[in-house]
Structures are given as C-alpha cells and as structure tokens.
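Work through the exercises below with the coordinates open. Each task is followed by a stepwise solution.

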Amino acid sequence: MASESRLYTFSADTQEKLRKFRLGTSRAKDPQAVVYQIDKHTLEIAQANDTTYSNVQELGDELPDHSPRFILLSYPLTLPSGRLSVPYVLLYYLPVTCNAELRMLYAGAKELMRNTAEVGKVIEIAEAEDLETIEEKLGGAA
C-alpha cells in the first residue's frame, strides 16, 4: 500500500466524510450508497457528488457508461438465519467499455480505497444492472 498512498490522495474533508458515512450507516434501515471518483489530474479520490443514494435503482441510473467508480454501500438485509445484517462494502464499478488508462488508474487505487474506507469486502461489478442482484452477492435471504 505504500506506493498507492504516495500516488493517490484523500483530502481531510474526504477522510472525514468516509468516517461519518461508515459510522452513520451501521444502523440504517435502508440501503445507503455514495459514489467516489478519482480526479485524473490531481489523483485525488473524492466523492463524485453530495448525494447519498437510498435506492439501488436510482444509483444505477446515475453511474456513467464508460468510466469506473468506487461505490461505498451499506445494505441492510436479512440473513438466511433470520438475523439482520448491515454489510459495508466497496463496489468497484468497472464498465467493460472504459479505456485502459482509466482501468489502470482505478485498479491502482482499489486497495487504498478499501483500506481508507475500512470496508469489509470488495465486489466488482461491470454494469449498472449488476446492482439488481447485489443482495444475493451479499448473502441475503431470497
């Protein structure tokens, strides 16, 4: 992680937003998601907009067709045992149509984003439609 932490940066404001989101969503009743992107010129990882999505379909509609994104997702679900769980994961959105430069940019920052956001799991998705099956990827009851 040493080389990634020198290449990519998080502002103090972004780090505080990451911490507040992680702590604030642990008891959420609805899914919560925020989208992060990398500025190609400064290599700063920051929130793409100030929106916190509570609807996975709406989130899918907002994702770009040709550019990767990091999505922090807190998704309350009922486990097959009947227990309520709120997994906190990083969705690594990497569309098949994005160019090689962007692929490399985001691939290099994936572990740093994972560690800085303190997520439990990284799930790779290639298209917005993959969000429709996110509950089964998280292990929820059908």
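Leu-72 stands opposite Leu-90 in strand 6. The model is a predicted one. Start from this pair.

**Exercise 1. Find how strand 3 is joined to its partners, strand 1 and strand 6.**

Solution.
- Step 1. Take the strand 6 side, residues 88–93. Six bridges join strand 3 to strand 6, and the two run antiparallel. The facing pair Leu-72 and Leu-90 belongs here.
- Step 2. Turn to strand 1, residues 32–38. Five bridges join strand 1 to strand 3, again with an antiparallel course.
- Step 3. Pick a pair on that side. Val-35 has Ile-71 of strand 3 as its bridge partner.

**Exercise 2. Sort the residues of strand 3 by the way they point, and decide whether they are buried or exposed.**

Solution.
- Step 1. Recall the general pattern: side chains in a regular strand alternate between the two faces of the sheet.
- Step 2. Apply it to residues 69–74. Arg-69, Ile-71 and Leu-73 point one way. Phe-70, Leu-72 and Ser-74 point the other way.
- Step 3. Check the cover. Six of the six residues in strand 3 are buried. That holds for both sets, Arg-69 and Ser-74 included.

**Exercise 3. Place Ile-125, classify its exposure and list its contacts beyond four places in sequence.**

Solution.
- Step 1. Locate Ile-125: it is in strand 7, residues 121–125.
- Step 2. Classify. The relative accessibility of Ile-125 is 2%, so Ile-125 counts as buried. The cut-off for buried is under 20%.
- Step 3. List the contacts, leaving aside neighbours within four places in sequence. Ile-125 touches Leu-91, Tyr-92, Tyr-93, Leu-94, Asp-130, Leu-131 and Lys-137.
- Step 4. Add a distance. Glu-58 is 67 residues from Ile-125 along the chain, and their C-alpha atoms are separated by 16 Å.

**Exercise 4. Leu-43 and Glu-118 each have a positive phi. Where do they lie, and are they buried or partly exposed?**

Solution.
- Step 1. Read the angles. Phi of Leu-43 is near 60°. Phi of Glu-118 is near 60° as well. Neither residue is glycine.
- Step 2. Locate Leu-43: it sits in the loop between strand 1 and strand 2 (45–47).
- Step 3. Locate Glu-118: its loop runs between helix 4 (100–117) and strand 7.
- Step 4. Compare with the cut-offs. Leu-43 has 18% relative accessibility and therefore counts as buried. Glu-118 has a relative accessible area of 47%, so Glu-118 is partly exposed.

How values were computed. Residues are numbered from 1 along each chain as its sequence is written. This is a predicted model: local features need pLDDT of at least 70, side-chain atom pairs count only at pLDDT 80 or more; totals for chains, interfaces and linings use all residues. Side-chain values use heavy atoms; hydrogens and water are left out. Buried means under 20% relative accessible area, exposed over 50%, partly exposed in between (1.4 Å probe, protein chains only). Contact means heavy atoms within 4.5 Å. Two strands pair if DSSP finds at least two bridges between them.
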